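Please consult the report below on pockets, surface and charge pairing alongside the sequence and the model.

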Amino acid sequence: MDVLAENRFLLTRDLFLEGMRRVNQESYGKFAKKIAAALAAVWLVMAAATVWTGGSLAFVVTEGLVAALAAVWVCVLLPRSRAKRAFKALENQYGTDMARVVRLYPDRLEVETAETRTVIPRDQLRQLLRSKRLLVLLTAEKKGVLLRRDGFTLGDETAIEHYIRKENP
């Protein structure tokens with residue numbers, strides 16, 4: 001069967017984290033923004049109550065710092081630690097040789113590593129995300145397949161985009 005596109009690259013920690021950030025931005029990012037907004041609203045209510053009851057402004061500042069630290073933890077630190085743990089698990093599973101070859105066929109996508117070959121049927125691909133150096137194909141199970149934007153040996157980004165849009169107009 002004819003290969004529509006082929007992408008070869010070495011998966012590094014930086015590339016993996018970039019891909020995870022992009023996927024998290026799409027899914028977890030909306031939730032994190034709502035949490036940060038809720039923390040800000042709670043702080044405003046607590047600050048207003050503290051000022052209304054004649055409390056110390058230092059207490060208002062302390063409440064604000066606690067709310068800001070909680071927002072940073074939810075929006076930044078939690079997703080980063082999750083991505084680092086995921087990469088460590090991937091590294092434990094595949095070792096340090098993380099060369100990837102992704103081939104796009106008319107009916108499926110194949111991801112080939114040194115040890116495994118994964119086949120993803122075309123109808124399982126749902127969404128295409130872009131980051132600075134990567135394309136991320138999301139499946140129906142919310143798993144991501146990374147392609148390096150400059151790693152195409154056959155085809156290009158437009159072939160991938162057309163492939164995804166044809167399946168999900």
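A salt bridge is here a side-chain nitrogen of Lys or Arg within 4 Å of a carboxyl oxygen of Asp or Glu. The model is predicted, so that local features need pLDDT of at least 70 and side-chain atom pairs count only at pLDDT 80 or more, while totals for chains, interfaces and linings use all residues. Residues are numbered from 1 along each chain as its sequence is written, and side-chain values use heavy atoms, with hydrogens and water left out.

**Salt bridges**

Side chains of opposite charge can pair when their charged atoms come close. The whole structure contains 11 salt bridges, including the three in the table.

| Pair | Closest N to O distance |
|---|---|
| R8 and E6 | 3.1 Å |
| E18 and R133 | 2.7 Å |
| R149 and E157 | 3.0 Å |

E18 belongs to helix α1 and R133 to the loop between β5 (125-130) and β6, so this pair ties together parts that are 115 residues apart in sequence. Helices (H or I, at least four residues) and strands (E, at least two) are DSSP runs, numbered from the N terminus. Burial is graded by relative accessible area: buried means under 20%, exposed over 50%, and partly exposed in between (1.4 Å probe, protein chains only). By this scale E18 is buried, at 8%, whereas its partner R133 is partly exposed, at 29%. In the pair of R8 and E6, R8 is partly exposed with a value of 42%, and E6 is buried with a value of 13%. These two residues also take part in a network of salt bridges that links E6, R8, R103 and E112. R149, the partner of E157, is partly exposed, with a relative accessible area of 28%.

**Pockets**

A pocket is found on a 1 Å grid over the protein atoms alone, as an open set of points where a 1.4 Å probe fits, with protein on both sides within 12 Å along at least five of seven lines; lining residues have an atom within 4 Å of a point. Grid points are joined across faces, edges and corners, and a volume is the space filled by probe spheres set on the points.

The largest pocket has a volume of about 900 Å³. It is lined by 31 residues, of which F16, K143, G144, V145 and L146 are the closest to its centre. Two or more lining residues come from each of α1 (13-52), α2 (57-94), β2 (99-104), β4 (117-121), β6 (134-139) and β7 (144-148). Among these elements α1 gives the most, with seven residues. The lining comprises 15 nonpolar, 10 polar and six charged residues; Ala, Val, Leu, Ile, Met, Phe, Trp, Tyr, Cys and Pro count as nonpolar, Asp, Glu, Lys and Arg as charged, and the others, Gly among them, as polar.

For the second largest pocket the volume is about 360 Å³. Its lining holds 15 residues, with R21, N24, C75, V76 and P79 the closest to the centre. Helices α1 and α2 each supply at least two of the lining residues, and α1 gives the most, with nine. By class, seven residues of this lining are nonpolar, three polar and five charged.

**Surface**

V72, W73, V76, L77 and L78 form a nonpolar surface patch with about 410 Å² of accessible area together. Patches are made of residues with over 30% relative accessible area and no salt bridge, like charges being joined within 9 Å and nonpolar side chains (Val, Leu, Ile, Met, Phe, Trp, Tyr) within 5 Å. Accessible areas come from the Shrake-Rupley method with a 1.4 Å probe; for residues, only the protein chains shown count as cover. Within the patch, L78 is found in helix α2 and is partly exposed, at 31%.
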